[in-house]
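Me: I would like a close look at one part of this structure, explained slowly and in connected sentences. Please start from a single residue and then work outwards.

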2 protein chains.
Amino acid sequence: MSEKKRRRGDGTSSSKPLAKDSVKHSSALSFKNRLKSDSTILASLEKLCRDSRTSSTSTSKPLTLTDLNLASTCREVSDVDPESVKESIECTILAAAKSILAGEGFSFSVPSRSATNQMYVPELDRIVLRDKSSLRSFSSLSTVRKTAVTTKVLSLIHQLCMKNIHVTKRDLFYTDVKLFQDQNQSDSVLDDVSCMLGCTRSSLNVVASEKGVVIGRIVFTDDGDRIDCTKMGVGGKAIPPNIDRVANMESDALFILLVEKDAAFMRLAEDRFYNRFPCVIVTAKGQPDVATRLFMKKMKTELKLPVLALVDSDPYGLKILSVYMCGSKNMSYDSSNLTTPDIKWLGIRPSDLDKYKIPEQCRLPMTEQDIKTGKDLLEEDFIKRNAGWVEELEIMVKTKQKAEIQALSSFGFQYLSEVYLPLKIQQQDWL
Amino acid sequence: MSEKKRRRGDGTSSSKPLAKDSVKHSSALSFKNRLKSDSTILASLEKLCRDSRTSSTSTSKPLTLTDLNLASTCREVSDVDPESVKESIECTILAAAKSILAGEGFSFSVPSRSATNQMYVPELDRIVLRDKSSLRSFSSLSTVRKTAVTTKVLSLIHQLCMKNIHVTKRDLFYTDVKLFQDQNQSDSVLDDVSCMLGCTRSSLNVVASEKGVVIGRIVFTDDGDRIDCTKMGVGGKAIPPNIDRVANMESDALFILLVEKDAAFMRLAEDRFYNRFPCVIVTAKGQPDVATRLFMKKMKTELKLPVLALVDSDPYGLKILSVYMCGSKNMSYDSSNLTTPDIKWLGIRPSDLDKYKIPEQCRLPMTEQDIKTGKDLLEEDFIKRNAGWVEELEIMVKTKQKAEIQALSSFGFQYLSEVYLPLKIQQQDWL
């Protein structure tokens with residue numbers, strides 16, 4: 001890295017295709033030559049898979065707030081069937097009615113979802129919500145509107161649970177635009193209701209629109225239809241927005257490959273990578289949505305498979321990993337359902353850039369903002385607990401270089417599926 | 001519309017849920033009561049489907065540039081198999097080599113894709129590219145770089161066609177960041193190469209990432225795997241990025257329902273709307289991508305089904321229709337493969353807002369930009385040729401109101417699938 005080569009954005013590039021190509025080809029080849037037979041590579045995966053199963057059996061149940069004596073000071077929601085949600089809403093409304101009849105008006109006790117009421121619990125390795133609540137009273141001028149909105153949302157959810165149909169947040173907003181005024185308001189009260197009733201947003205039958213895709217060695221039922229993801233062509237199966245309709249997961253895969261970008265997903269799907277190395281390949285096409293996170297969590301829990309992640313070598317790639325693993329702050333009340341612990345960082349890692357001789361011109365300089373985000377990440381608990389990750393992130397911040405998964409295309413379009421991933425797996429090179 | 005009611009954004013809303021709800025319920029009910037039996041509604045669809053088949057049989061082949069004596073003055077690309085693309089590249093390079101050996105350097109003749117070289121052909125109802133070309137010479141200082149980039153892209157496409165694998169534009173860019181400098185440059189030259197060789201971008205095996213989803217009464221093969229879209233749960237099947245791997249389409253549907261938003265798609269999928277009214281439901285989740293447009297075109301051509309469109313009642317909804325029907329300007333050279341003619345505008349139409357008594361508070365005021373876009377659309381040929389569309393658009397611009405498909409949720413979440421769409425179809429209310 002001593003000689004500063006010209007990079008992207010440099011207007012006066014003089015390209016010497018032949019000379020450069022031969023250098024690239026020889027380094028691509030040298031890595032290809034290190035590849036052992038597929039059965040050797042599969043052995044690494046089988047070990048990983050066994051370890052993953054053992055660790056999930058030994059700590060048979062994951063730690064809970066109760067185990068840590070946090071149950072009384074922290075708050076968590078769980079998946080609840082529609083019938084119970086309905087009953088719980090009826091109890092809430094009945095209590096309000098009684099209070100009104102007693103001449104006391106009515107109010108809801110609503111958990112606070114503010115940043116000061118959240119904390120990272122290292123033992124759980126995720127963000128959880130503390131137990132602070134506030135009273136939302138119909139008789140106070142400052143809360144009367146929010147109380148009315150909360151009542152309306154409760155009544156809508158009640159309808160959804162009675163019919164057992166699913167809608168989006170946008171649908172919910174449109175049932176009464178005049179009252180809600182703005183979708184942020186109905187969205188925010190929806191999260192409040194989720195905390196109040198102690199159940200997940202999916203239990204309320206309000207779902208996010210779908211974004212994720214899955215392909216590979218998994219069979220499941222989606223609303224009763226049997227889906228075999230090895231028979232989904234190159235396009236894959238759209239991950240259903242309503243996770244409660246997904247059931248009967250079966251798989252003979254050895255691992256789950258979580259991919260940040262759909263371009264990489266496409267490459268692996270077309271090369272049917274999952275036939276050579278039995279795996280399930282999932283992408284949320286960037287920032288993960290709730291449906292994909294729930295699907296990932298369900299796979300990990302039910303199939304007890306290790307998860308390897310392939311993300312860009314930039315702070316944003318790590319942010320995405322953190323959302324899968326630790327959850328996002330604004331849904332901390334549901335972190336136990338949304339997070340998938342123990343995802344291994346396979347690549348592209350900052351150390352890979354030199355190790356795999358990614359050409360200088362395919363690396364991008366980090367922006368000031370990137371560097372700041374990288375430094376902020378170094379302060380995050382979920383990074384600090386993994387020494388390997390800290391080391392990688394330090395390389396990134398120091399070299400001020402980032403690279404996309406696509407950068408591997410400089411060695412040939414199929415380098416990702418035919419050399420990089422097999423070699424990574426063979427060397428058990430994950431953190 | 002005489003009394004100005006308060007709308008979204010008005011801070012001081014006083015909501016009278018009960019009174020308002022009862023008005024809403026009664027109007028929702030009155031429409032529900034107009035619904036005839038499903039067999040009557042199906043009869044409308046059968047007629048539409050027959051008409052659509054007859055019209056596609058009578059004009060057995062769609063008009064072409066040749067029919068209009070435009071073949072010599074306009075330029076079009078077609079789907080070509082990888083072997084032919086490969087040969088065509090070899091011819092181009094051979095010609096360049098001969099020219100070099102003759103001591104004349106070399107140059108490519110590249111079709112111009114600028115706006116002045118495009119035109120709308122009313123008979124075809126789409127935008128086409130005219131025949132202006134320019135010489136891209138290696139010996140000229142102003143074009144040497146672009147000529148080098150073109151040669152590199154030709155060599156990359158040659159590789160792709162030899163291996164018959166597909167990559168994204170991003171992958172292409174990353175093969176030589178130093179040369180391309182910026183993805184816009186490789187993207188733009190890719191389009192040039194497509195025009196030069198006279199074949200579609202999909203023929204070059206460069207695909208866009210997938211975005212669309214399909215569900216309902218269609219069976220097809222995706223890379224050899226048989227996909228039955230009635231058995232895709234509620235999530236649907238992701239539309240494959242490589243259309244050339246899609247084959248053997250079969251369907252017992254009476255129509256294709258093109259849906260702008262994924263929330264509406266989700267509603268129809270969960271309600272299994274396609275079982276009650278046999279149809280194929282497709283969405284590109286907003287602005288249509290190339291893969292969805294190719295899929296739509298293929299369905300329309302092979303299954304000869306009528307297409308009904310459900311979009312937001314705003315200028316953007318119409319823009320989306322125009323992209324499906326007439327193509328986008330920057331891909332005009334490929335308009336014959338990308339466009340699906342004769343899509344009927346089912347809803348939400350500006351006249352529906354009053355007709356279906358969409359509550360005032362669920363309508364949104366159009367912004368200045370919206371109104372300008374609406375007025376611009378009124379000048380577009382593809383609108384002008386349909387008197388019904390002009391009338392609707394004039395209502396929109398005059399009332400300055402828009403509404404999303406979701407606005408129907410104000411009558412209940414399933415109003416869309418249980419009342420609005422069946423009634424629309426029963427009344428054959430499409431334009």
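Leaving aside its neighbours within four places in sequence, which residues is Val206(B) in contact with?

Reply: The model shown here is a predicted one, and that should be kept in mind throughout. Once the neighbours within four places in sequence are left aside, Val206(B) is in contact with Ile157(B), Leu160(B), Val167(B), Thr168(B), Lys169(B), Leu172(B), Leu190(B) and Arg201(B). Val206(B) itself has its place in strand S7 of chain B, which covers residues 206-207. Its relative accessible area is 1%, and because buried means under 20%, Val206(B) counts as buried. Val206(B) can also be compared with Ile165(B), since the two are 41 residues apart in sequence while their C-alpha atoms are 8.8 Å apart in space.

From here we can turn to charged pairs within chain B. Side chains of opposite charge can pair when their charged atoms come close. One such pair is Asp191(B) and Arg113(B), whose side chains meet in a salt bridge with an N to O distance of 3.8 Å. Asp191(B) lies in helix H7 of chain B (residues 183-197), whereas Arg113(B) lies in the loop between strand S2 (107-111) and strand S3 (118-121) of chain B, so this pair ties together parts that are 78 residues apart in sequence. Asp191(B) is buried, at 8% relative accessibility, while Arg113(B), with a relative accessible area of 22%, is partly exposed.

A second pair also involves helix H7 of chain B, for Arg136(B) forms a salt bridge with Asp192(B), and their closest N and O atoms are 2.8 Å apart. Here Arg136(B) belongs to strand S5 of chain B (residues 133-137) and Asp192(B) to helix H7 of chain B, so that distant parts of the chain, 56 residues apart, are linked. Arg136(B) is buried, with a relative accessible area of 9%, and Asp192(B), at 4%, counts as buried too.

Working outwards again, we reach the place where the two chains meet, with 75 residues of chain A in contact with 74 residues of chain B. The area buried between chain A and chain B is about 6,100 Å², and carbon and sulfur atoms give 52% of it. Tyr174(A), Lys178(A) and Phe413(A) supply 14% of the area that chain A buries against chain B, which is more than any other three residues. Of these, Tyr174(A) lies in helix H5 of chain A and is buried, with a relative accessible area of 0%. Its contacts, apart from neighbours within four places in sequence, include Cys362(B), Leu364(B) and Glu404(B). An unreviewed UniProt entry lists Tyr174(A) under "active site".

Salt bridges are found across this interface as well, 8 of them between chain A and chain B. In one of them the side chains of Asp223(B) and Arg272(A) meet at 3.0 Å, N to O. The side chain of Arg272(A) also meets that of Asp225(B) in a salt bridge, with an N to O distance of 3.0 Å. Asp225(B) lies in strand S10 of chain B (residues 225-228) and Arg272(A) in the loop between H8 and helix H9 (273-276) of chain A, so the pair joins two chains. Asp225(B) counts as buried at 12% relative accessibility, and Arg272(A) is buried as well, with a relative accessible area of 16%.

Note on methods:
Residues are numbered from 1 along each chain as its sequence is written. Chains are lettered from A and ligands numbered from 1 in the order in which they are written. This is a predicted model: local features need pLDDT of at least 70, side-chain atom pairs count only at pLDDT 80 or more; totals for chains, interfaces and linings use all residues. Side-chain values use heavy atoms; hydrogens and water are left out. Contact means heavy atoms within 4.5 Å. Buried area is the accessible area (1.4 Å probe) that two parts lose on being put together, summed over both. A salt bridge is a side-chain nitrogen of Lys or Arg within 4 Å of a carboxyl oxygen of Asp or Glu. UniProt positions are given in the numbering used here, feature names are shortened, and annotations may be inferred rather than shown by experiment. Helices (H or I, at least four residues) and strands (E, at least two) are DSSP runs, numbered from the N terminus. Buried means under 20% relative accessible area, exposed over 50%, partly exposed in between (1.4 Å probe, protein chains only).
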